[in-house]
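Open your viewer and get ready to select a few residues at a time. At each stop, pick what is named, look around, and then move on.

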Amino acid sequence: ARLRARVAWARARGVPGLPDWSDAGLEASLEDWLGPWLGDVGTAEALGRLDLAAILGAALGWEGRARLDAAAPERWEAPTGSRAAVDWSGERPGVSLRVQELFGLDVHPALAGEPLVLELLSPAGRPAATTSDLPGFWRGAYADLRKDLRGRYPRHPWPERPWEAEPTRRAKPRGR
């Protein structure tokens, strides 16, 4: 599903040479992409064990995969070095990351010329906020988020000026 969403997103933006992998497109080209893999399949169980993501990836070929990776990469690298999976299924690409991993960013990140929709997570990995304007969020709604989450997660940094803070994946060390 993730691969199909990336291909659909890139096709909708005019990236050439990518197949139509809508349900109808896949059904119409079933012999081309699935046929070569059915030689040893004799049971429904064996059919269920086929790795459809790998099969579709192979159908793209090296050049198609390179075009897709350039237009709609699988992952976005956060300031901490974490590589977050990009959700290409919506109108705009989106990622989910803990708030602390975005500290230090004062420009809203973009991929393929599109601003990312950022789902900001609490240290426990629960959705805390969504933004398409990170600098505006830091200077506005972040104060309320900080006030709310600082009490629940006291071992995590909650700076007053997050756009100037060091991004982190860690909690503060325990006091002894």
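## Stop 1: two sides of a helix

Select helix α7 and colour Tyr142, Leu145, Arg146 and Leu149, which are buried. Look down the axis of α7: these buried residues fall within an arc of 100°, so they line one face of the helix. The spacing fits a general rule: an α-helix has 3.6 residues a turn, so residues three or four places apart point the same way. Now turn to the other side of α7, where Asp144, Lys147 and Gly151 are exposed. What covers the buried residues of α7? Show β7 (127-131) and α6, which are part of that cover. Keep in mind throughout that this is a predicted model.

## Stop 2: the nonpolar core

Next, select Trp76, Leu102 and Trp138. They have the most contacts inside the largest nonpolar core, a group of 42 residues. Several elements each supply at least two residues of this core: α1 (2-12), α5 (52-71), β3, β6 (117-121), α6 (134-139) and α7 (142-152). Which of them gives the most? It is α5, with five residues.

Stay with tryptophan 138 and show what surrounds its place in the fold. Leaving aside neighbours within four places in sequence, tryptophan 138 is in contact with Val99, Leu102, Phe103, Leu105, Asp106, Pro162 and Trp163.

## Stop 3: salt bridges

The whole structure has ten salt bridges, and you can visit some of them here. Begin with arginine 6 and aspartate 69, whose closest N and O atoms are 2.7 Å apart. Arginine 6 belongs to helix α1 and aspartate 69 to helix α5, so this pair ties together parts that are 63 residues apart in sequence. Is arginine 6 buried or exposed? At 3% relative accessibility, arginine 6 counts as buried, while aspartate 69 is partly exposed at 35%. Add Glu74 to your selection: Arg6, Asp69 and Glu74 are linked in a network of salt bridges.

Now select arginine 139 and aspartate 106, another salt bridge, with the closest N and O atoms 2.7 Å apart. This pair also links distant parts of the chain, with arginine 139 in helix α6 and aspartate 106 in the loop between β3 and β4, 33 residues apart. Arginine 139 is partly exposed at 46% relative accessibility, and aspartate 106 is partly exposed at 34%.

For one more pair, pick glutamate 45 and arginine 49. Their side chains meet in a salt bridge of 3.0 Å, N to O, and both residues are exposed.

## Stop 4: a buried charge

Go to the loop between β3 (94-98) and β4 (110-111) and select glutamate 101. Glutamate 101 is buried yet has no salt bridge. Where is the nearest side chain of opposite charge? It belongs to arginine 98, 4.8 Å away; a salt bridge has to be within 4 Å, so this pair does not count as one.

Show threonine 80 and serine 82 next. The side chain of glutamate 101 makes a polar contact of 2.6 Å with the side chain of threonine 80, and one of 2.6 Å with that of serine 82. Not counting residues up to four places away in sequence, glutamate 101 also touches others, including Ala78, Pro79 and Arg169.

## Stop 5: an unusual backbone angle

Finish in the loop between β4 and β5 (114-115) by selecting alanine 112. Most residues other than glycine have a negative phi. Alanine 112 has a positive phi of about 55° although it is not a glycine. With a relative accessible area of 41%, alanine 112 is partly exposed.

Terms used
Residues are numbered from 1 along each chain as its sequence is written. This is a predicted model: local features need pLDDT of at least 70, side-chain atom pairs count only at pLDDT 80 or more; totals for chains, interfaces and linings use all residues. Side-chain values use heavy atoms; hydrogens and water are left out. Helices (H or I, at least four residues) and strands (E, at least two) are DSSP runs, numbered from the N terminus. Buried means under 20% relative accessible area, exposed over 50%, partly exposed in between (1.4 Å probe, protein chains only). Lys and Arg count as positive and Asp and Glu as negative; His and the chain ends are not counted. A polar contact is a pair of N or O atoms within 3.5 Å; within protein, one must be able to donate a hydrogen and the other to accept it, and residues adjacent in sequence count only if both atoms are side-chain atoms. Contact means heavy atoms within 4.5 Å. A nonpolar core is a set of buried Ala, Val, Leu, Ile, Met, Phe, Trp, Tyr and Cys residues joined through side-chain atoms within 4.5 Å. The arc is that of the directions from the helix axis to the C-beta atoms.
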